[in-house]
Amino acid sequence: SQVQVEAFQMQMNMPGMVSKKVIVTGAAGRTGSIVFSLLNKDPRFDAVGLVRSEDSAKKLIAKTKCNLEEIVVSDVTQMEFEKEAENPHPWPYALDGAEAMVICTSAVPQISKVSIIKAMLKIPINILTPKKKSINFRDLRFKYKPGQYPEMVDYVGQKKQIDLAKKMGVKHGKCVCLSKNIINVWKNMQSSYQDELVRFLCT
């Protein structure tokens, strides 16, 4: 939310300090694009939008009118931090020097088009039925795109982002998409990494 971003801005800046490099993950998403835009307009920050694909980069440019140089295209989930001997620098060099990371990634379900059609076909019958609404919104169904399930995005993805931040020496972290659903995903994983999440987000 904007309140969280404003609080983050207050935490990060002191009078007389030069602009700070901030990585915004999931920058092309609904929340990410808002956060990126707010930070990008503030001269106290050097915002870098981290997106997974070129299509996402195009979306971010269209939404915020930012420059291509302010975007980094990279899939954090594909970075292998365990093989440091083989590749000690698995992330793009354009991310180096960041002092903060704002995590804006979260699994977003898409409405099923089939359920919409079925709900619309029921409208004539529903209209003729007393005390029944024309559309029963409970008939609508939602689903996740392949590979975009909460376990992959909200757990594996965010875990990778925290690993990246640790490897890069990022000092501050915020997760503006930390919803009840995401918290439940982390709890269900029963991972000791929950403590790592809390430590990173509270710095």
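Four exercises on this predicted model follow, each with a worked solution.

In the model, local features need pLDDT of at least 70 and side-chain atom pairs count only at pLDDT 80 or more, while totals for chains, interfaces and linings use all residues. Residues are numbered from 1 along each chain as its sequence is written, and side-chain values use heavy atoms, with hydrogens and water left out.

**Exercise 1.** State how many helices and strands the chain has, and what share of its residues is buried.

Solution. Helices (H or I, at least four residues) and strands (E, at least two) are DSSP runs, numbered from the N terminus. The chain has 8 helices and 7 strands. Next, take buried as under 20% relative accessible area, with exposed over 50% and partly exposed in between (1.4 Å probe, protein chains only). Of the 203 residues, 40% are buried.

**Exercise 2.** Describe the surroundings of strand E4.

Solution. Start with the pairing rule: two strands pair if DSSP finds at least two bridges between them. Strand E1 (residues 20–25) pairs with E4 in the parallel sense over 4 bridges, and valine 24 stands opposite valine 102. Strand E7 (residues 172–175) also runs parallel to E4, joined by 4 bridges; here histidine 172 is the bridge partner of alanine 100. Then turn to the faces. In a regular strand, side chains alternate between the two faces of the sheet. In E4, Ala100 and Val102 lie on one side, Met101 and Ile103 on the other, and all are buried.

**Exercise 3.** Follow helix H6 from its span to its end, then place valine 153.

Solution. H6 (residues 150–168) has 19 residues. The expected span is 1.5 Å times one less than the number of residues, which gives 27 Å for H6; the helix reaches 25 Å from first C-alpha to last, close to that value. At glycine 157 the helix bends by about 25 degrees, the bend being the angle between axes fitted to the seven residues ending there and the seven starting there. Glycine 169 follows H6 and has a positive phi, near 80 degrees. Valine 153 is found in H6. Valine 153 counts as buried because its relative accessible area is 12%.

**Exercise 4.** Locate aspartate 75 and find which side chains its own side chain contacts.

Solution. Aspartate 75 is in the loop between strand E3 (71–73) and strand E4 (100–103). A polar contact is a pair of N or O atoms within 3.5 Å; within protein, one must be able to donate a hydrogen and the other to accept it, and residues adjacent in sequence count only if both atoms are side-chain atoms. The aspartate 75 side chain makes such contacts with the side chains of arginine 52 (3.5 Å) and threonine 77 (2.6 Å).
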